[in-house]
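Colleague: Before I set anything up on this model, could we go through its strands, its cores and one of its helices together?

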Amino acid sequence: MKFRTMICAALAAFSVACAPSEEKPFVTMRDGRFYIGDTPYAYVGTNFWYGAILGSQGEGGNRERLLRELDFLKESGIDNLRILVGSDGVDGIPSKVEPTLQTAPGVYNQEILDGLDFLLSEMGKRGMYAVLFLNNSWEWSGGYSQYLEWAGCGKAPVPAIDGWSTFMEYVAQYADNEAAHKLFADHVRFILTRTNAYTGLKYVDDPAIMAWQIGNEPRAFSEAGKAGYTRWMKEVAALIKSLDPNHLVSTGSEGKAGSEGDIALYETVHSDPNIDYMTIHIWPYNWGWIQKEDVGANLDTAIANTREYIDEHLAVAARYGKPVVMEEFGFPRDGFRFDKAAPTTCRDRYYEAVFSYIYENMLQGGGFSGCNFWAWGGFARQSPDRIYWQRGDDYMGDPAQEQQGLNSVFASDSTTLSIVKRYSGMLRELR
């Protein structure tokens with residue numbers, strides 16, 4: 001397998017070296033908008049966190065499915081994918097993504113790295129753009145808790161076993177833990193200085209990457225941690241820009257909800273000149289706006305709350321001339337069911353409301369510039385006898401700690417995808 005990978009990489013590098021020079025433009029930001037070259041860029045995208053695993057030739061890899069997914073996404077008008085660079089820690093921990101990328105500090109699973117290379121190569125061929133997040137405040141990919149364990153803070157709690165309060169007390173240490181920060185900074189340097197084995201391009205020179213993202217939903221996790229959290233976010237943004245001036249940098253923040261309920265903290269972090277655009281996440285079910293007993297009963301309230309939350313963050317972004325991306329939002333299927341056969345009537349209404357608000361805001365010259373719904377399930381096969389992920393199951397949009405099918409959009413969800421495709425086309429016409 002390693003020999004085959006080396007041959008493929010050599011042929012790819014030869015092909016790149018012999019091909020005519022044709023520079024593709026990076027996604028840039030100016031005047032509160034995204035641009036590709038001189039063309040404005042706005043998008044309906046999705047979360048495809050498992051893409052690098054699917055692209056590998058090792059455990060969990062399925063390149064035939066990956067290519068099928070990418071082709072289907074592109075045909076559906078989805079050209080922006082938010083992707084996990086890789087998870088951290090040992091395999092076999094309940095509710096954690098595996099196989100992991102960083103198995104110990106500075107020790108990497110080469111098959112997952114190769115999978116990330118392959119994924120970016122194939123996205124580039126299709127004119128698609130990746131937002132790559134590097135860390136995670138939650139346990140499902142390691143992140144905060146794994147770096148703290150490596151830094152000597154004791155065994156990381158697993159929320160499903162030890163409880164959420166125990167976990168959140170543990171990860172609250174991250175804001176001020178310099179040893180954990182250093183381990184993560186080493187990881188950032190390693191990833192950003194990589195060269196793609198299939199294209200011969202350094203990551204910093206690859207226009208298929210739209211942005212580097214500090215993490216998935218980074219948080220301070222306490223009032224006492226706000227100062228350390230702010231300092232760390234600014235330091236990481238500066239580090240990324242020093243290594244890669246070509247790509248955009250974003251935080252991965254949920255917004256006010258991920259800033260200890262403090263919009264001023266969100267503004268302080270996102271005012272940093274090394275952070276190019278602002279992100280928000282919205283979760284009607286997780287935030288108690290709807291109830292699983294009847295997901296449609298409070299749908300109008302959820303839509304109204306969504307608009308209010310968006311507006312609050314658009315106001316912050318306007319003060320700094322930065323775009324806003326709603327890069328995570330999800331909604332359960334009717335009846336709070338998880339199987340593909342369950343209707344998506346309420347989800348479709350919610351998606352329509354979100355997409356129409358993006359379009360309406362852009363028509364008025366606002367700063368709302370894109371969204372990535374959570375998340376892409378595509379052609380994944382669901383297990384007939386369980387709802388939680390186990391080793392060997394297909395990957396879908398819902399990470400291992402969540403019911404499989406909870407928020408996933410599958411390739412068979414024709415009504416949802418018709419809405420996605422329609423608004424993607426409408427936003428493209430505004431470019």
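Colleague: How many bridges join β1 to β2, and do these strands run parallel or antiparallel?

Modeller: A caution first: this is a predicted model, in which local features need pLDDT of at least 70 and side-chain atom pairs count only at pLDDT 80 or more, while totals for chains, interfaces and linings use all residues. Residues are numbered from 1 along each chain as its sequence is written, and side-chain values use heavy atoms, with hydrogens and water left out. Strands here are DSSP runs of E with at least two residues, helices are runs of H or I with at least four, both numbered from the N terminus, and two strands pair if DSSP finds at least two bridges between them. In this pair Thr-28 stands opposite Tyr-35 in β2, and β1 and β2 run antiparallel, joined by four bridges.

Colleague: Which residue takes a positive phi in the hairpin of β1 and β2?

Modeller: The hairpin has two residues between its strands. The positive phi, near 55 degrees, belongs to Asp-31.

Colleague: Which are the edge strands of the open sheet that holds this hairpin?

Modeller: The sheet has three strands in the order β1-β2-β3, with antiparallel pairing. Strand β2 (residues 33–36) pairs with β3 over three bridges, and Phe-34 stands opposite Tyr-41 in β3. Pairing on one side only marks the edge strands, which are β1 (27–30) and β3 (39–41).

Colleague: How many residues of strand β13 are buried, and which residue in β13 is the bridge partner of Met-326?

Modeller: Strand β13 (residues 368–373) is mostly covered, with six of its six residues buried, where buried means under 20% relative accessible area, exposed over 50% and partly exposed in between, using a 1.4 Å probe and protein chains only. Strand β4 (residues 43–47) runs parallel to β13 and is joined to it by four bridges, with Phe-373 as the bridge partner of Thr-46. Strand β12 (residues 324–329) is also parallel to β13, through three bridges, and here the partner of Met-326 is Cys-371.

Colleague: Which helix gives the most to the largest nonpolar core?

Modeller: A nonpolar core is a set of buried Ala, Val, Leu, Ile, Met, Phe, Trp, Tyr and Cys residues joined through side-chain atoms within 4.5 Å. The largest has 116 residues, and those touching the most other members are Phe-48, Trp-212, Met-326, Tyr-350, Phe-355 and Phe-373. With ten residues, the helix that gives the most to this core is α12 (residues 345–363).

Colleague: Against which elements do the buried residues of α10 pack?

Modeller: In helix α10 (residues 263–270) the buried residues are Leu-265, Tyr-266, Glu-267, Val-269 and His-270. At the start of α10, a side-chain oxygen of Asp-262 comes to within 3.0 Å of the backbone nitrogen of Ala-264. Taking contact as heavy atoms within 4.5 Å, the buried residues of this helix pack against α9 (226–243), β11 (278–282) and α11 (299–320).

Colleague: Why does Arg-231 count as partly exposed?

Modeller: Arg-231 lies in helix α9, and its C-alpha atom is separated by 8.5 Å from that of Val-269, although the two are 38 residues apart along the chain. Arg-231 counts as partly exposed because its relative accessibility is 39%.

Definitions and conventions: Polar contact = N/O pair within 3.5 Å; in protein donor to acceptor, adjacent residues only side chain to side chain.
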